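Open the model in your viewer and keep the selection tool at hand. Work through the stops in order.

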Amino acid sequence: MAWYTLGVRMLFPILAALLLIRLLRGLMKAAPKGEVWAYLSLPNGSAQPLTHWENIVGRLEIADVTLNYPVVSRQHAALIREEGDSWRAYDLGSKGGTAVNGAAVGAGGQAIQFGDVLSLSGVETVLLPVSDQETRRRQKRDEKPVSPWLSLLLLTLFQLLALFELLRVVEEAYLVPLLGCFLLLMLAMWAYVLAMTGMGRTGFEPETIAFFLTTLSLSVTASSAPQGLVKQTAAMGMGLVLFLVLGFFLRDLGRVRKVRWVMAAGAVGLLSLSLAVGSVKYGAANWISLFGLSFQPSEVAKICYIFAGAATLERLFHRRNLGLFMVLTGLCLGCLALMSDFGTAAIFFATFLVIAYLRSGDFATLALVCGGAVFALMILVSIKPYVLRRFAAWGHAWEQASDGGFQQARTMSAAASGGLIGVGPGQGWLHQVPAGDTDLVFGMLCEEWGLLIGLLAVACVVALAVFAVRCGRASRSSFYTIAACAATGLLVVQTALNVLGAVDILPLTGVTFPFVSNGGSSMLASWGLLAFVKAADTRSGASFAIRAQKAHGANWLGNVMQRKGGSHEAN
């Protein structure tokens with residue numbers, strides 16, 4: 001039995017490494033290739049491709065479509081792709097005006113169809129579709145995503161071995177819940193991939209990473225708090241539903257823009273609710289108890305905050321207009337400061353910097369904001385000196401091993417005892433330390449699963465961030481790019497605070513490890529944030545946020561003639 005246990009412990013990091021290598025291969029194949037959604041025929045006879053869903057047309061060289069005519073303004077107009085492959089033209093305050101088929105474009109923009117004439121200060125262009133032949137050629141050139149089946153088999157084997165190991169150590173009363181929860185996780189994973197494959201979708205690397213990390217979460221929960229297995233599995237199920245609902249909702253950017261104010265109000269409202277009726281737990285008043293269940297509204301507020309910050313096309317019209325977003329950020333940070341939840345406040349501020357830079361590209365403004373944040377922090381410390389005392393043990397964990405550095409010292413001891421392959425699932429002792437399966441979960445991973453598994457879990461989060469950045473280079477829409485980079489930036493910063501705080505490299509701020517820590521609110525939020533990453537996937541058929549493109553190029557002329565004929569008959 002000892003040889004079997006040792007062999008399984010050595011097999012875990014091998015399976016996880018093979019799985020991650022295969023997933024990384026699939027993510028790296030997602031090369032940043034621009035997609036052509038339409039063409040704009042220019043007066044000189046050439047056709048300029050529209051490679052984004054929001055395109056600036058003007059005299060500037062950095063415009064998406066450059067028209068080098070003196071009468072055309074520097075940023076003259078915007079062409080926006082909307083639901084159903086329809087387009088809308090906006091005038092950007094040009095001097096000569098913008099017209100569609102002779103009708104002036106008003107403040108709310110004007111719909112423009114294939115074959116319509118877009119006039120910019122008298123310079124006439126025509127909106128043309130992508131031909132069916134070109135679409136087929138592009139689809140043939142597209143690299144197909146890596147097949148998911150081997151990855152799923154590797155992960156399923158990992159899950160079964162983890163289940164068998166945990167069944168040997170958990171109390172008898174929890175054997176059935178443990179077995180049921182792991183089987184539900186495997187069933188949800190396979191059902192999701194099979195259903196999406198049946199719908200013609202491909203590329204499941206981000207979801208597979210999430211399922212792998214969720215497997216570690218159930219294992220941690222089984223070791224530390226087996227009575228919470230059902231709750232954690234239910235949170236995973238609700239998170240998967242949220243992931244799907246949010247992904248399908250993101251299909252319509254017009255709908256997204258309409259609800260951005262609702263999302264902004266939701267972020268502030270959730271944080272205000274915690275401030276008003278929240279109970280103090282682990283030093284922060286960010287918990288609400290209802291019907292015997294505790295949850296953190298600040299976790300869901302992260303989704304609302306990113307949604308509101310990214311869901312705007314304002315950057316096309318006023319690139320440096322960050323005023324309202326800064327007000328939203330100030331309200332959120334103010335609520336978190338009053339709740340003494342400084343870990344979440346740091347995450348929100350880092351996310352703000354990502355969104356603000358992507359929306360403005362203005363380093364000077366961001367430097368000013370950072371300076372203001374440091375000044376505000378100094379004032380806060382002077383008003384509330386106990387805030388500074390909370391970080392007094394930072395860098396001195398071993399000197400204060402029985403006082404302020406108690407948790408970090410125990411975490412590092414447990415991690416060291418686990419070595420490379422760990423002592424085995426359920427065989428550790430760190431879960432007996434307060435927050436061992438939440439704020440200190442990295443130490444618990446290293447103790448029971450080994451340093452290799454702990455580092456691979458961190459690498460999974462980093463891989464999602466690299467993938468989001470690569471997809472952003474060939475983004476369909478600025479919203480998808482900003483939301484995906486902000487979501488993964490949030491996940492990376494949160495992971496860094498959790499991991500480095502647990503080992504005393506950074507202050508222990510009390511934040512969770514995305515997908516891994518025991519906690520329903522964190523699990524739900526992590527799956528919701530993953531929807532932004534999935535929506536940014538530019539591989540053919542990989543993002544369920546993008547409707548399958550129908551052939552339209554061959555019959556556009558017929559549709560145009562039919563419209564013109566109908567108008568003639570009406571006259």
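Each stop below gives a selection and then what is there. Keep in mind that this is a predicted model.

**Stop 1: the sheet**

Select β2, β1, β11, β10, β7 and β8, in that order. These six strands form an open sheet with antiparallel pairing. Look at the two edges: β2 (47-50) and β8 (103-104) each pair on one side only. Strands of a sheet pair through backbone hydrogen bonds, so switch on the backbone here.

Now zoom in on β1 (residues 38-41) and β2. They run antiparallel and are joined by four bridges. Tyr39 stands opposite Pro49 of β2. Follow the chain through the hairpin of β1 and β2, where five residues lie between the strands. Stop at Gly45, which has a positive phi near 95°.

Next, select residues 117-120 and 123-128. These are β10 and β11, an antiparallel pair with four bridges. Which residue of β11 is the bridge partner of Leu118? Pick Thr125.

**Stop 2: the loop before β1**

Select Lys29. It sits in the loop between α1 (2-28) and β1. Is Lys29 buried or exposed? Neither: its relative accessibility is 29%, so Lys29 counts as partly exposed. Add Val146 to the selection. Lys29 and Val146 are 117 residues apart in sequence, yet their C-alpha atoms are 8.1 Å apart in space.

**Stop 3: two helix pairs**

Select α5 (residues 205-224) and α6 (residues 229-249). Their axes come within 9 Å and cross at roughly 165°. That angle is why α5 counts as roughly antiparallel to α6. The crossing is right-handed. Show side chains at the contact. On the α5 side, pick residues including Phe211, Thr214 and Leu218. On the α6 side, include Met236, Leu240 and Phe243.

Move to α16 (residues 441-448) and α17 (residues 451-472). Here the axes come within 6 Å and cross at roughly 140°. The two helices α16 and α17 are therefore oblique to each other. Phe442, Leu445 and Cys446 of α16 meet Leu451, Gly454, Leu455, Ala457 and Val458 of α17.

**Stop 4: the nonpolar cores**

The largest nonpolar core has 141 residues. Select Leu213, Leu216, Phe479, Trp527 and Phe532, the members that touch the most others. Which helix gives the most to this core? Colour α18 (residues 478-502), which supplies twelve residues.

Then centre on Leu213. Leaving aside residues up to four places away in sequence, it touches Ala457, Cys460, Val461, Pro514, Phe515 and Val516. Another core lies apart from the largest one. This second core has seven residues, among them Ile56, Ala78, Ile80 and Leu92.

**Stop 5: two unusual backbones**

Most residues other than glycine have a negative phi. The last two selections have a positive one.

Select Phe515, in the loop between α18 and α19 (520-535). Its phi is about 70°, although Phe515 is not a glycine. With a relative accessible area of 1%, Phe515 is buried. You have met Phe515 already, as one of the residues that Leu213 touches.

Finish at Ala435, in the loop between α15 (406-418) and α16. Its phi is near 65°, a positive value in a residue other than glycine. Is Ala435 buried or exposed? Ala435 counts as buried, because its relative accessibility is 5%.

How values were computed. Residues are numbered from 1 along each chain as its sequence is written. This is a predicted model: local features need pLDDT of at least 70, side-chain atom pairs count only at pLDDT 80 or more; totals for chains, interfaces and linings use all residues. Side-chain values use heavy atoms; hydrogens and water are left out. A nonpolar core is a set of buried Ala, Val, Leu, Ile, Met, Phe, Trp, Tyr and Cys residues joined through side-chain atoms within 4.5 Å. Buried means under 20% relative accessible area, exposed over 50%, partly exposed in between (1.4 Å probe, protein chains only). Contact means heavy atoms within 4.5 Å. Two strands pair if DSSP finds at least two bridges between them. Axes are lines fitted to C-alpha atoms, for helices over the stretch in contact, and angles run from 0 to 180 degrees between N-to-C directions. Angles under 35 degrees count as roughly parallel, over 145 as roughly antiparallel, 65 to 115 as roughly perpendicular and the rest as oblique. A crossing is left-handed if the near helix is turned anticlockwise from the far one by less than a right angle, and right-handed if clockwise.
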